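Let's take a friendly tour of how helices sit against one another. Have a look at the picture first, and then we will go through it step by step.

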Amino acid sequence: MFLEKILRIIAGLFVGAYVARYLGPSRYGLLNYAISLVTLLSVVGDLGMESILVRELIRHEDKRQRILGTAFALKLCAGLLVFICLIVLAQVTTADPLTKKMIYIIAGGTVFETLRVIEYFFQSKVWSKYLVWSQIAALATVSLCRIALVQREASLEWFAVTYSLDFMIVAIGSVIFFVKSGHRFSDWKFDLPIARNLLIDVWPLIFASVAVSVYMKIDQVMVKWMLGDEANGYYGVAVRLSEMWNFIPVAISASLFPAIVSSKNASETLYMNRLQWLYDLMVFISVSIAIPMTFLSGFAVKIIFGEDFVPAGNLTSIYIWSSVFVFVGVANSKWIFTENLQKFRMYSYVVAALINILLNLVLIPKLGLVGGAIATLIAYAYAYYFSLLLRKKTRPAFLQFSRALNLWSLPGRLIKGFSTFNKTD
């Protein structure tokens, strides 16, 4: 899974840059807008049920066929509803036929997301390797298609087709592996009580997923609406260069958090010390990335994306600092789940989304693209840092994050704190 993420980042950066060079800022900005708009709503189609469904499949293996059949039916209904909403939204927000066509094409691909229930089944059986092979096959196929499209000087809508193709190949691969492993779709059954229970469990997660999607993607949509396609092309490059690092905290947290959680029963002090070390590590890595990117982003943009995208360099030097909050936020999210504070995080995401929208409305007209980058940076800072100050139970995490931001003593704390992972009491 880690290898697949690395391959996707490499392909996304270099094949993405190759495509961006061909399309230019304006057409690349239009493509980025269509993707962002679809992403805003597509999270609703997923119903936020990944962790819930995996949990239920593990707990109630005897009800597996009814759980899978019910989840598929719910996701299919949600996916079709999202597709209809995207068609309506495209009609309302733009009069350009090409923009509408792009949204329709990319939105059509999200219907294949209904088959992600197979992915959740694989996760419950610890068979994620099957999904990874499907994803790698999709990545290789789509990357080759995009290179071929550039070589043949294809029109813009064909690049939109490759995004739907990605969804389709992953879905087909999942189906093949599901059938080959001896399972049948005909065994799936819809169960109304299970559907009711699933919806009760996932509604806060749907709300949280929408809020996350809004505060992460709304800036790209609003830049397009307020400044046009070319500006959105520059902005999309800055986002790509800044967010390409976000797999690092996910991998590290997944590796270290079991040891952190296991220490909670042994000693609260050891538990908090290990958390502090994880936050320190996240700040150290993210700042180590942000500082050189601040000064070298212009050079990086010029080398990778070409002269036409040079204005994205200044944006990247601002946007990259959001990674500091993302890195620690990913680690803190594990703590939030351990302490059963999911509703708190949901509310913080909602407020962050509102902050991003309001600041974009104020700052983009005054500062242009820089205003959008600053608005997003502030929204991330609130979601993962300042919101922790609002509740008594989350203030210890705020203090630990604040301590991690003390860069002067950070290297010494990292060296000293590493020894906590060798302690058992």
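At what angle do helix 13 and helix 14 pack, and how far apart are their axes?

## Helix 13 against helix 14

Helix 13 covers residues 322-338, and its packing angle with helix 14 is about 140°, with the two axes 8 Å apart. Helix 13 is therefore oblique to helix 14. On the helix 13 side, the contact is made by Gly 329, Asn 332, Ser 333, Ile 336 and Phe 337, and on the helix 14 side by Gln 342, Phe 344, Arg 345 and Tyr 349. Sorted by class, this contact has four nonpolar, four polar and one charged residues.

## How sure is the model?

Keep in mind that this is a predicted model. The mean pLDDT of the chain is 84, and 95% of its residues reach 70 or more. Confidence is lowest in helix 2 (residues 50-59), with a mean of 72, and highest in helix 15, at 92.

## Helix 14 against helix 15

Helix 14 (residues 342-367) also packs with helix 15 (residues 369-384), at an angle of about 160° and with the axes 8 Å apart. Helix 14 is therefore roughly antiparallel to helix 15. Their crossing is right-handed.

Many residues meet here: helix 14 brings, among them, Arg 345, Tyr 349, Ile 355 and Leu 363, while the helix 15 side includes Leu 369, Gly 372, Ala 379 and Tyr 382. The residues of this contact divide into 17 nonpolar, six polar and one charged.

## Helix 3 against helix 5

Another pair is helix 3 (residues 64-93) and helix 5 (residues 116-124), whose axes come within 9 Å and cross at roughly 145°. This crossing is right-handed. Helix 3 takes part through Arg 64, Leu 68, Ala 71, Phe 72 and Lys 75, and helix 5 through Arg 116, Val 117, Tyr 120 and Phe 121. Of the residues in this contact, six are nonpolar, none polar and three charged.

## A salt bridge along the chain

Side chains of opposite charge can pair when their charged atoms come close. How many salt bridges does the structure hold? There are eight.

One pair to find in the picture is Asp 166 with Arg 8, which form a salt bridge whose closest N and O atoms are 3.3 Å apart. This pair links distant parts of the chain: Asp 166 lies in helix 7 (residues 156-180) and Arg 8 in helix 1 (residues 2-46), 158 residues apart.

Note on methods. Residues numbered from 1 in each chain as written. Predicted model: local features only at pLDDT ≥ 70, side-chain atom pairs only at ≥ 80, totals over all residues. Heavy atoms only, no water. Axes fitted to C-alpha atoms, helices over the stretch in contact; angles between N-to-C directions. Helix = DSSP H or I, 4+ residues; strand = E, 2+ residues; numbered from the N terminus. Parallel < 35°, antiparallel > 145°, perpendicular 65-115°, else oblique. Left-handed = near helix turned anticlockwise from the far one by under 90°. Contact = heavy atoms within 4.5 Å. Nonpolar A, V, L, I, M, F, W, Y, C, P; charged D, E, K, R; others polar. pLDDT = per-residue confidence, 0-100. Salt bridge = Lys/Arg side-chain N within 4 Å of Asp/Glu carboxyl O.
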